[in-house]
Amino acid sequence: MNQSGSESKKIFDVPLLPEEPYIDFLVEQQDHIHSVHFSICSPYRLDGRYLLDPCSQEEKLSVLLQQLGRVKKYGLLNSRFLAKRFYSDSSFLSDTCERLNGLLDSANIDGLVYNDHYLLQALADYSPDTASALEAVPGVNSQLITFEEIALRMDYIGGSGFRLPQKLILDRAVNRNFNALKIISEKCRASYPDLHLELLANEGCLLHCPFKLSHDAHISLANSGLENDIGLELNKKLGCMAIFDKEPERIFQSPFIRPEDVDHYLPFVSGIKLCGRTIGSSFLMDLITAYINRCYEGNMLSLFDTLEWLAQSLHIDNHRLPKDFLDTLANCDNNCSQCRYCQKLADKCRPLKMSLPDLRR
């Protein structure tokens, strides 16, 4: 897990969108990019995010991936689940393996990111040669939070026929628990010395979100065509959006990592994952630049994947957060009734007035 020289700067795992200006940007920043993750453009919608048109840029993908050189490349098969029939559907398994083999041949991809172990085993049983050529990387929604869980998952992956992952992302819940990070890091270094441990920086979800598993299931249902949408109105009425709207102080309890705080984590992990591929390439370029520079002078909410909607009505001046911000929250016992730290920060947030954009240009 220790890196030296130029490799030590290759910290970030970032989304890849098959758009030429964005790829040019990633090529320029590749000294900082450890890996990219991307949709494999399957019509079966194997992604962990809702995709309106998963195949629209399929032809560009391989060509653009080739431009990234030694950056590691991981295709996303990270849906929470599939309809049961697909695990034995030869047409589906053949199509998926053909796509993976095509990306292996044309772009030398390193592996896939998954959450559904049924899918992993079904692919390995259908095409052992494909499995043996690819790392199987548990996605962040696998919620690995202890070394014991990591070790067991490694055993299960090894038994599946896929290659063991060379990188692994921990659950968001450990982002503010430096004692747990230290223990996990030390044990992983002893047992898996080349493993690139990562943390997810900018999702912006609730800490130990009680809706997470259901929300992932709603996305899978929508991607499979069994539902019409991913439940946005449900989240506004009953879910995380309703909680953030009613209790904005929960934003600070969310286990995000600011650009300014990245270096505090590097003694324990090798990398930082950035998300937000459904928001678009302009957002991603600004986001990646902020994390590379370790500085962002703007609305903190504008960095987050899941809180983009809230950034339209609330401004949190990231550059003016107190110096004790990380230390205080890293030592928080989440006994909110006895502590008003987050509430005091929320009281200083600036509400934004609703306005129409200037459409004259």
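Which helix gives the most to the lining of the largest pocket? Keep that in mind as you click around; note too that this is a predicted model.

**Stop one: the largest pocket.** Select Arg49, His215, Thr278, Asp305 and Thr306 and centre the view on them. Of the 40 residues lining the largest pocket, these five are the closest to its centre. The space in there comes to about 970 Å³. Now colour helix 8, residues 212-223: with 4 residues, helix 8 is the top contributor to this lining. Add helix 9 (232-237) and helix 10 (240-246), since along with helix 8 each of them supplies at least two lining residues. If you colour the lining by residue class, expect 18 nonpolar, 13 polar and 9 charged residues.

**Stop two: the second largest pocket.** Next, pick Gln253, Leu329, Cys332, Asp333 and Asn334. Among the 27 residues around the second largest pocket, they sit closest to its centre. Its volume is about 560 Å³. Which elements should you show here, if you want those that give two or more residues to the lining? Turn on helix 7 (178-191), helix 11 (250-253), helix 14 (325-330) and helix 15 (341-347). By class, this lining splits into 12 nonpolar, 9 polar and 6 charged residues.

**Stop three: a helix crossing.** Leave the pockets and show helix 3 (residues 90-107) with helix 4 (residues 117-126). They pack at about 85 degrees, and their axes are 10 Å apart. An angle from 65 to 115 degrees counts as roughly perpendicular, so helix 3 is roughly perpendicular to helix 4. For the contact itself, put sticks on Ser90, Phe92, Leu93, Ser94, Thr96 and Cys97 from helix 3, then on Leu119, Ala122, Leu123 and Tyr126 from helix 4. Sorted by class, that contact holds 7 nonpolar and 3 polar residues, with no charged ones.

**Last stop: Tyr126.** Stay on helix 4 and zoom in on Tyr126, which lies in that helix. Is Tyr126 buried or exposed? Somewhere in between: its relative accessibility is 39%, so Tyr126 counts as partly exposed, the range between under 20% for buried and over 50% for exposed. Leaving aside residues up to four places away in sequence, Tyr126 touches Ser90, Leu93, Ser94 and Cys97. Those four also belong to the helix 3 side of the crossing you just looked at.

To finish, zoom out and draw a distance from the C-alpha of Tyr126 to that of Val262. These atoms are separated by 41 Å, and the two residues are 136 apart along the chain.

How values were computed:
Residues are numbered from 1 along each chain as its sequence is written. This is a predicted model: local features need pLDDT of at least 70, side-chain atom pairs count only at pLDDT 80 or more; totals for chains, interfaces and linings use all residues. Side-chain values use heavy atoms; hydrogens and water are left out. Axes are lines fitted to C-alpha atoms, for helices over the stretch in contact, and angles run from 0 to 180 degrees between N-to-C directions. Angles under 35 degrees count as roughly parallel, over 145 as roughly antiparallel, 65 to 115 as roughly perpendicular and the rest as oblique. Contact means heavy atoms within 4.5 Å. Ala, Val, Leu, Ile, Met, Phe, Trp, Tyr, Cys and Pro count as nonpolar, Asp, Glu, Lys and Arg as charged, and the others, Gly among them, as polar. Buried means under 20% relative accessible area, exposed over 50%, partly exposed in between (1.4 Å probe, protein chains only). On a 1 Å grid over the protein atoms alone, a cavity is a set of points where a 1.4 Å probe fits but cannot get out, and a pocket is an open set with protein on both sides within 12 Å along at least five of seven lines; lining residues have an atom within 4 Å of a point. Grid points are joined across faces, edges and corners, and a volume is the space filled by probe spheres set on the points.
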